[in-house]
Structure formats: structure tokens, C-alpha cells
Amino acid sequence: MLPLKKNKITRALLGAGALTLMSLSPAQAQDADGASIIRERCTACHIDSGDADKPFSRISEQRKTPEGWMMTISRMQKLRGAVIPADEKRALVKYLADNQGLAPAETEGLRYVLEKEPNVLESFDPLIQETCVRCHSGARIALQRRTEEEWKWLVHFHMGQQPTAELHAGARDRDWFGIALNQVAPKLGQDYALNTQQWSQWQAATKQPLNGSWAMSGFLPQKGNFNADVVVTQTDKDHYELTLNGQYEDGSKLSGSGKAVVYTGYEWRASVTVDGVKMRQVLAASADGKTLTGRMFERDADVMGGPVTAVKANAITKISPSYIKQGERKLITISGNQLKGSVALGSGVKVIRVESRDNNHLTVLVEASRSAAVGSRNVQVGKTSSKAALAVYDQLARVEITPVESIARVGGGGGLIPKQKSWYRAVGYAAGQDGKPGTADDLRLGYMPATWSLKPFDEIAEHDDDIRYAGTIDSRGIFTPGDAGPNPDRKMSTNNVGNLAVVGTVQDGQQTVSAQTHLLVTVQKFVQALID
């Protein structure tokens with residue numbers, strides 16, 4: 001880190017007689033370091049006004065996620081020649097995310113882009129959709145906060161940096177620049193304003209430390225459901241080390257360790273190695289510091305990951321499986337934290353015996369009576385409960401395959417860009433009181449085991465024999481695309497792309513129910529952004 005220079009901020013923080021950081025709190029030291037780095041590295045271009053509220057032109061008029069600030073600084077390095085050593089870059093991202101980040105409420109409904117969740121279908125205001133979302137995800141835009149003037153400067157930046165923006169599809173034959181400047185920017189300034197009540201409230205809130213013992217439950221496509229005991233040790237302010245020990249649903253062991261940094265008081269970012277695989281965790285902490293929710297995925301293949309939840313407080317995090325048929329007897333695993341006391345699964349469902357248990361999960365043999373009413377049940381262990389966590393059903397009415405639309409990308413084959421896989425799960429539903437599947441009162445049962453197959457999506461895909469070249473799907477529902485082309489065996493030596501349907505088939509007693517979803521196998525992605 002650079003030594004502190006005596007400027008208005010450091011003088012205010014240090015006081016007249018102090019010359020080092022030794023007398024400062026960690027938070028004051030971090031603020032001083034961040035401001036010092038900006039003055040040393042950024043004010044060749046950004047004006048230092050000396051204003052305590054908005055000291056740095058452009059920089060002080062924005063708020064972003066940690067990933068958003070990382071992208072901005074990286075762009076300054078690549079396109080503007082900014083020289084920022086790696087340790088200072090990390091410190092600067094931390095400082096900006098803490099002081100000019102987003103409140104938890106401001107990221108709700110948008111976290112999929114931070115968590116690298118694949119195949120999300122977005123829907124934004126038509127004006128934003130037509131002007132901005134042709135190139136960016138809507139979440140990338142909505143995870144920023146700026147003044148209206150700063151949004152207008154961003155429009156000017158686009159015109160200066162990408163002057164062909166006006167000529168993109170959907171931009172011709174209309175005043176793209178005028179619309180962006182006079183309609184879109186004011187709307188963004190209103191919808192995503194710099195100063196908000198949510199941010200003021202979050203800045204004033206007490207931030208909870210996240211060290212301690214946690215119970216984590218989650219899903220990984222390669223191995224399925226898992227449970228783990230996680231021990232988090234604080235090594236410095238907002239910096240932690242963690243260890244994971246647990247098991248997968250098939251009984252195999254899980255172990256891992258890593259490090260985490262918390263930004264903005266709740267944004268957990270961890271690098272962990274689980275069973276020899278390098279992974280990332282992008283999680284959000286609850287305001288009380290007792291829950292972490294988000295996604296864990298492979299570092300080098302972010303599609304390959306799934307949702308995770310970790311809890312400190314007494315809580316139930318997962319029921320697996322989350323359904324039982326009338327008259328059926330089966331094993332059900334309940335996961336959570338401090339699961340002590342007797343188990344109750346609601347009317348018509350009784351516990352035959354407890355097969356195994358510890359503080360964080362237990363497996364019970366249960367039976368549903370033949371006359372049990374169809375519907376959801378609360379699950380309770382001692383004083384801990386989970387609402388509508390178990391579904392009792394009479395008949396499997398339909399299956400839905402998730403995701404409903406998906407993309408995989410060819411790669412490998414001697415190329416530098418690896419293949420991008422996709423993966424699928426089958427969700428079962430029972431018909432509701434109206435007895436008709438596909439209506440609003442359908443009862444969601446949860447994820448069900450399925451067998452997987454592929455078929456051409458349409459006549460063109462069948463004619464081009466896409467099924468032969470585009471890839472394969474395994475018993476876990478993981479699709480692996482073909483090699484990057486060109487392929488001389490295909491018409492016009494085209495790539496191994498394809499237009500496929502993924503078919504999932506669920507066997508429920510003597511009944512077989514299938515459904516399908518659309519998969520587009522396309523070319524490599526050549527630009528990898530932190531926020532697409």
C-alpha cells in the first residue's frame with residue numbers, strides 16, 4: 001500500500017498530532033487508504049474537488065457492486081492506462097464497495113448476474129430493453145446507482161467509445177442518441193438514483209460479523225444435494241477463513257477450505273477448494289448475520305454450480321425429497337442447524353423411526369396415510385419449523401424441466417476456450433383441487449429423479465443432423481457440447497452447433513411423465529465479463 005499523504009481527508013481522520021494509521025480504527029484506516037489510492041492513482045483524470053460529500057468527479061457520483069467496481073477499475077487500466085498494483089486494486093474495490101455500494105434491498109431480484117446463474121430470462125421496462133439490453137443484461141444496468149447527470153455522461157461515453165451503437169439492430173431509423181439522452185437517462189436517474197432511502201438505512205445499520213459455526217445445504221449438478229458443517233474464522237476486518245466438512249446425498253464425503261471477503265457489510269465472496277475442485281461462493285448475508293444465501297460454482301466453469309444456504313440460527317434449510325405420495329413409505333432427510341427435538345410432518349404423515357441424526361441433519365423413515373389430504377405440510381423439528389416444506393400428493397400430473405430455455409457453447413477440440421455445459425432438473429407437479437394440470441392451483445412437489453435424452457428441436461435441426469454433432473447428455477442431466485469446429489463432415493463445414501430439445505422422464509410408480517425444454521448449442525463466448 002502507498003504511504004498516506006497529508007491531505008484533507010487524512011488530516012481529518014488522523015488529527016493534528018498523528019502521522020500514522022496506528023491510532024485509527026480499522027474502518028477509518030480502510031477509508032483513508034481508499035481515498036489515498038484514488039488521489040494517487042486516479043486524480044490525473046478525475047478532479048479532486050475537496051468536497052467531503054463528493055470529492056472525486058464521476059467516481060463519487062456512482063454506486064456499484066464489488067463486481068461493478070472491479071469492472072470499472074479494470075477498464076481504466078486497460079483503456080486509460082491507469083497503473084494500479086494488484087494489492088491496491090483489491091483495497092480500492094473494497095473501499096468503493098463499502099462506501100459506494102448497493103444496499104441489500106437494491107440487489108433483490110438481480111442477484112442472478114452476480115451469482116453467475118445461467119439461463120435466466122430477463123424482463124425490463126421496454127424503453128430500457130430496447131436501448132440498453134440489446135447489448136447488456138438488464139441486471140448490469142439495474143445494479144448501478146448514478147445521478148441523472150452521470151447517467152447522461154454514460155450515454156455520451158457509449159457514443160464516444162462505441163459510435164456504432166446507433167447502427168445496431170433496433171437502433172436504425174430512429175434517434176437513438178436523442179432517446180438515450182433525453183428519455184432513457186432521466187428514467188434511469190429516477191429508477192436507479194444515487195441517493196436512496198435503502199442505502200441511507202443500510203449505511204446506518206450495524207453490520208454483523210460472520211465468523212462462527214454454520215450449517216450449509218446446497219446442490220451441485222455433479223454430485224446432487226449436500227450438507228456441510230462450515231467453520232468460519234475471522235482473520236481481519238471483513239476477512240475470513242473457512243472449512244467445510246459434510247456429505248453428499250449418496251453418502252460420499254465432502255471437504256473443503258478457503259478464504260472469504262465481505263463487501264458492503266453483507267456481500268460474501270469466497271474462493272474455496274471443495275474435493276480438489278476450485279470453486280467460488282457468491283452469497284448475501286441477512287441483516288442479522290445469521291443466514292447466507294446464494295450460489296457456489298466452479299471457478300473455471302461457472303455454469304457448473306448450484307444454490308446454497310447457510311444458517312447460524314436454529315433453522316431448517318432443506319427437505320429432500322420434498323414430497324411423499326399417499327400410502328407411501330420413504331426416507332426423508334431434513335437439513336438445517338441445531339435440529340433438536342421430535343419431528344412432526346403434519347396431518348396424515350407419521351414418523352416411523354429416526355434412521356440417523358446430528359445437530360445439522362436427520363434422516364427419518366416416514367409414511368403418508370392413503371387418506372392424507374393432498375397439499376403442503378409444515379415440517380417441524382422441536383421448536384424449529386419450515387412452512388409448506390413437504391408436499392403430499394395423489395398422482396404426478398405433469399413435469400417441468402428447468403431451465404425452460406438454455407444455451408451451451410462448443411469449445412475444446414484444441415482451442416483455447418473450454419466448452420460451456422448446461423444442466424437440467426425435473427420438477428414434478430400434482431393437479432390442484434380443480435384436477436387439471438397446468439393451472440394456477442397446481443401443487444409443486446419439488447425436484448424429482450429423471451432419465452434424460454435429446455432430440456432435434458425442429459425439422460431444420462433434424463435435417464442438419466444436429467443430434468449427431470451438437471453434444472451428449474448424461475444420467476445426471478448434464479449436457480456436454482461438441483468440439484469447436486469447423487467440422488468438414490457437416491454441410492459447408494459448419495461448427496458443431498445445434499438446436500435441440502432436452503427430454504426429462506420421471507417414473508412415478510407405474511406412471512411415466514415426460515417434458516422437454518429448448519437447448520441452443522452455439523459458438524464460444526469470447527468476452528468474459530464479471531457482470532455480462
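## Legends to close-up views

**Cysteine sulfurs of Cys42 and Cys45.** The closest cysteine sulfur to that of Cys42 belongs to Cys45, 8.7 Å away, which is too far for a bond. A disulfide is assigned when two cysteine sulfur atoms lie within 2.5 Å, and a search of the whole structure returns 0 of them. Cys42 is buried at 17% relative accessibility, whereas Cys45 is exposed at 65%. Here buried denotes under 20% relative accessible area, exposed over 50% and partly exposed the range in between, computed with a 1.4 Å probe on protein chains only.

The model shown is predicted, so local features require pLDDT of at least 70 and side-chain atom pairs count only at pLDDT 80 or more, while totals for chains, interfaces and linings use all residues. Residues are numbered from 1 along each chain as its sequence is written, and side-chain values use heavy atoms, with hydrogens and water left out.

**The open sheet S12-S18-S17-S14.** This sheet contains 4 strands with mixed pairing. Strands S12 (323-325) and S14 (343-344) are at the edges; each has a single partner strand, so one side of each lacks a neighbour in the sheet. Strands S17 (residues 375-381) and S18 (residues 384-393) run antiparallel and are joined by 6 bridges, with Val392 of S18 as the bridge partner of Gly375. Strands (E, at least two residues) and helices (H or I, at least four) are DSSP runs numbered from the N terminus; two strands pair if DSSP finds at least two bridges between them.

**Consecutive hairpins of S8, S9 and S10.** Strand S8 (residues 277-285) is joined by 7 bridges to the antiparallel strand S9 (residues 291-298), and Gln281 stands opposite Met296 in S9. The hairpin of S8 and S9 has 5 residues between the strands, and Gly289 in its turn has a positive phi of about 70°. S9 then pairs in the antiparallel sense with strand S10 (residues 301-311) over 8 bridges. Phe297 faces Gly305 in S10, and 2 residues form the connection of this hairpin.

**Surroundings of Thr505 in strand S27 (residues 498-508).** Thr505 is buried, at 19% relative accessible area. Its side chain makes a polar contact of 2.8 Å with that of Ser514; such a contact is a pair of N or O atoms within 3.5 Å in which, within protein, one can donate a hydrogen and the other accept it, and residues adjacent in sequence count only if both atoms are side-chain atoms. Beyond four places in sequence, Thr505 is in contact (heavy atoms within 4.5 Å) with residues including Pro449, Ala450 and Thr451.

**Aromatic pairs.** There are 6 such pairs, defined by Phe, Tyr or Trp (six-membered) ring centres within 6.5 Å; planes under 30 degrees apart are stacked, over 60 edge-to-face and the rest tilted. Trp202 and Tyr266 are edge-to-face, at 5.4 Å centre to centre and 85° between the planes. Trp202 lies in helix H11 (residues 197-204) and Tyr266 in the loop between strands S6 (253-263) and S7 (267-274), 64 residues apart. Both Trp202 and Tyr266 are buried. The ring centres of Phe219 and Trp423 are 5.6 Å apart with planes at 35°, so this pair is tilted. Phe219 in strand S3 (residues 212-220) and Trp423 in strand S21 (residues 422-423) are 204 residues apart, and both are buried.

**Arginines over tyrosine rings.** Arg398 lies over the face of Tyr429, 4.0 Å from the ring centre. The charged end of Arg444 is placed over the ring of Tyr447, 5.3 Å from its centre. The criterion is NZ of Lys or CZ of Arg within 6 Å of the ring centre and within 35 degrees of the ring normal.
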